[in-house]
Amino acid sequence: MGVNSGDGPAALEWMPGYVFRPYRGQEDHGVMAAVRLGCVERDRIDTRSIVEGLPTAAEIAEASAKLDDPSQNQVLVEHDGGVVGYLTIRWWQERDGTWLYLHRGYLLPEHRGQGIGSAMLNWAESRIRRLVQQHGTAQTAVLGANAMTSEQDATKLLLDRGYRRVFGLVELELADLRQLPDDKPLPVGIRVGPIDPSGYRAAWKTVVDSYAGAAFTQRWTLESFLATADSACWRAAWDGGQMAGVALCSIRRQDPTVGEVEELSVRKESRRLGLGRALLLNGLRCLRERGAETARLYTGTANPHRSYDLYESVGFRRQNVHVRYRKPITV
């Protein structure tokens, strides 16, 4: 990997005691989890977040195993022999053909303000430029980074380095699933109920179609949809024989007291009929019956369908905003 040779950030040469090294697998998961824990207070991390909370060592191990070549695309920062930060790179193709190369770094607060964060960013951008050359994606590739609005240090660094905000996801929580409003009548001919395996393809198509005009969204294949299917609390609305909307809800594997609304989609021609509210409440009741005490979801801050109003009307309240930043790549 050469993190301390030509591939590494030259800035570390004048920072005695600091060194970048490759990810080494199992031995690193505990120290990486410790870095995340050490950032909680300064960055006001919502530890129960379903977008980006406080991962355990086991969850970091699982995420690392999904990376392409993790020893090349994950780097740790050591100071006097102890790990004080780390950075991860991953990439995917979005619906419009753009290749997004996303880097995400974490650094203990006591080591900030010394140029270490900038050095990590330098390493990420250098590594991504090499990946873009290897992949042959220079014509459609962009740099990407995430930061919550509560992460003031990371936000300032990205803005100072020429990144710009392209969208935000607001996360919401319903704190008590025992307190759900009553249903409202639906138009004649519409019914809501569970989704059995014969309806999986229609459910996937309903969600995919709802993102057809959305920018910055990742391609979602039927195969990947089926690979993560947990349909116990999936609900659909049918208008006659056609699936008009879906609510895909599930119990959080990491915490069975928390339910998640993964998707809530209603077809364009069936909106403003109360289907979204009926689907949401039906899914939330299923989560409650299966032991969940609270529920989480996230939606775009610029959602054109005013879903935020719907979520607030049934009791969800805003927690944090997760922001995606982008910057052109110069190869």
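This section describes the strand pairing around strand 11 and the packing of helix 1 against helix 3 in a predicted model.

Strand 11 spans residues 294-300, and five of its seven residues are buried, so the strand is largely enclosed by the rest of the structure. Pairing was found with strand 6 and with strand 10. Strand 6 (residues 164-174) runs antiparallel to strand 11 and is joined to it by six bridges. Strand 10 (residues 258-266) pairs with strand 11 in the parallel sense, over three bridges. Arginine 296 of strand 11 takes part in both pairings: glutamate 173 stands opposite this arginine, and arginine 296 is also the bridge partner of glutamate 260. Between strand 10 and strand 11 the chain passes through helix 9 (residues 275-289), and the resulting β-α-β crossover is right-handed.

A helix-helix contact was examined in another part of the chain. Helix 1 comprises residues 29-38 and helix 3 residues 57-65; the two pack with their axes 8 Å apart, at an angle of about 110°. Helix 1 is therefore roughly perpendicular to helix 3, angles of 65 to 115 degrees being counted as such. The crossing of helix 1 past helix 3 is right-handed. On the side of helix 1, the contact involves His29, Gly30, Met32 and Ala33. These residues meet Ala57, Ile60, Ala61 and Ser64 in helix 3.

Note on methods:
Residues are numbered from 1 along each chain as its sequence is written. This is a predicted model: local features need pLDDT of at least 70, side-chain atom pairs count only at pLDDT 80 or more; totals for chains, interfaces and linings use all residues. Side-chain values use heavy atoms; hydrogens and water are left out. Buried means under 20% relative accessible area, exposed over 50%, partly exposed in between (1.4 Å probe, protein chains only). Helices (H or I, at least four residues) and strands (E, at least two) are DSSP runs, numbered from the N terminus. Two strands pair if DSSP finds at least two bridges between them. A crossover is right-handed if, with the strands pointing away from the viewer, the path from the first strand over the helix to the second runs clockwise. Axes are lines fitted to C-alpha atoms, for helices over the stretch in contact, and angles run from 0 to 180 degrees between N-to-C directions. Angles under 35 degrees count as roughly parallel, over 145 as roughly antiparallel, 65 to 115 as roughly perpendicular and the rest as oblique. A crossing is left-handed if the near helix is turned anticlockwise from the far one by less than a right angle, and right-handed if clockwise. Contact means heavy atoms within 4.5 Å.
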